[in-house]
Amino acid sequence: MKSSVSSITHIDKLAHFGVFFILTGFLKRAFKAPIWLYIVILAAYGAGVEYVQGMIPHRQASFADFVADVAGILTYLLISAVWHKRHAKAKQSEQA
């Protein structure tokens, strides 16, 4: 019998998105680096995970999972950039 969570269409893609969204936040807080480096590190990690899954019996690699990983990375970075820009603008107007 399938659980109600596993019956949700593409729940694994949502999980990949969420995990890489959170990983990006952790990595960004762990050390300062150019944005492209966060993308390269985490995308390489996501690609590596998919590669290994393709080698494990009863598992399969999925390009769609990799796309969800990258979408999570980029979404976090975009939201973070907008957040920091607005926060800096608000702080600037408070000081004026």
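How many Å should the 21 residues of helix H2 (residues 35–55) span, and how far apart are its end C-alpha atoms? At 1.5 Å a residue the expected span is 30 Å, and the end C-alpha atoms are 31 Å apart, which agrees. The expected span of a helix is 1.5 Å times one less than its number of residues.

The views below show a predicted model, in which local features need pLDDT of at least 70, side-chain atom pairs count only at pLDDT 80 or more, and totals for chains, interfaces and linings use all residues. Residues are numbered from 1 along each chain as its sequence is written, and side-chain values use heavy atoms, with hydrogens and water left out.

**View 1. Buried and exposed faces of helix H2.** Helices are DSSP runs (H or I, at least four residues), numbered from the N terminus. The buried residues of H2 are Tyr38, Leu42, Ala43, Gly46, Glu50 and Gln53. Seen down the axis of H2, these buried residues fall within an arc of 110°, so they line one face of the helix. The arc is that of the directions from the helix axis to the C-beta atoms. An α-helix has 3.6 residues a turn, so residues three or four places apart point the same way. Trp36, Tyr51 and Met55 are exposed, on the face of H2 turned away from its buried side. Buried means under 20% relative accessible area, exposed over 50%, and partly exposed in between (1.4 Å probe, protein chains only). The cover over the buried residues of H2 includes helix H1 (11–30) and helix H3 (63–95).

**View 2. Helix H2 against helix H3.** The axes of H2 and H3 come within 9 Å and cross at roughly 160°. That makes H2 roughly antiparallel to H3. On the H2 side the contact is made by Ile35, Tyr38, Ile39, Leu42, Ala43, Gly46, Ala47 and Glu50, and on the H3 side by Asp65, Phe66, Asp69, Val70, Ile73, Leu74 and Leu77. Contact means heavy atoms within 4.5 Å. Axes are lines fitted to C-alpha atoms, for helices over the stretch in contact, and angles run from 0 to 180 degrees between N-to-C directions. Angles under 35 degrees count as roughly parallel, over 145 as roughly antiparallel, 65 to 115 as roughly perpendicular and the rest as oblique. The crossing of H2 and H3 is right-handed. A crossing is right-handed if the near helix is turned clockwise from the far one by less than a right angle, and left-handed if anticlockwise.

**View 3. Gly46 and Tyr45 in helix H2.** Gly46 belongs to H2 and is buried, with a relative accessible area of 0%. Not counting residues up to four places away in sequence, Gly46 touches Phe20, Phe66 and Asp69. Gly46 and Phe66 are 20 residues apart along the chain, and their C-alpha atoms are separated by 6.0 Å. Tyr45 is also placed in H2, but at 49% relative accessibility Tyr45 counts as partly exposed. Leaving aside neighbours within four places in sequence, Tyr45 is in contact with Phe20 and Leu23. From Tyr45 to Phe66 the C-alpha distance is 9.6 Å, with their positions 21 residues apart in sequence.

**View 4. Helix H1 across helix H3.** The axes of H1 and H3 come within 7 Å and cross at roughly 45°. That makes H1 oblique to H3, and the crossing is right-handed. In H1, His16, Phe20, Thr24, Gly25 and Leu27 are buried, and they pack against H2 and H3. The 20 residues of H1 should span 28 Å at 1.5 Å a residue, which agrees with end C-alpha atoms 28 Å apart.

**View 5. Ala68 and the buried residues of helix H3.** Ala68 lies in H3 and is buried, at 11% relative accessible area. Beyond its neighbours within four places in sequence, Ala68 is in contact with Lys13, His16 and Phe17. The buried residues of H3 are Asp65, Ala68, Asp69, Gly72, Ile73, Tyr76, Leu77 and Ser80, and they pack against H1 and H2. For the 33 residues of H3, the expected span at 1.5 Å a residue is 48 Å, and the end C-alpha atoms are 48 Å apart, which agrees.

**View 6. His58 in the loop between H2 and H3.** His58 is found in the loop that lies between H2 and H3. Although His58 is not a glycine, it has a positive phi of about 70°. At 84% relative accessibility, His58 counts as exposed.

How values were computed. Helices (H or I, at least four residues) and strands (E, at least two) are DSSP runs, numbered from the N terminus.
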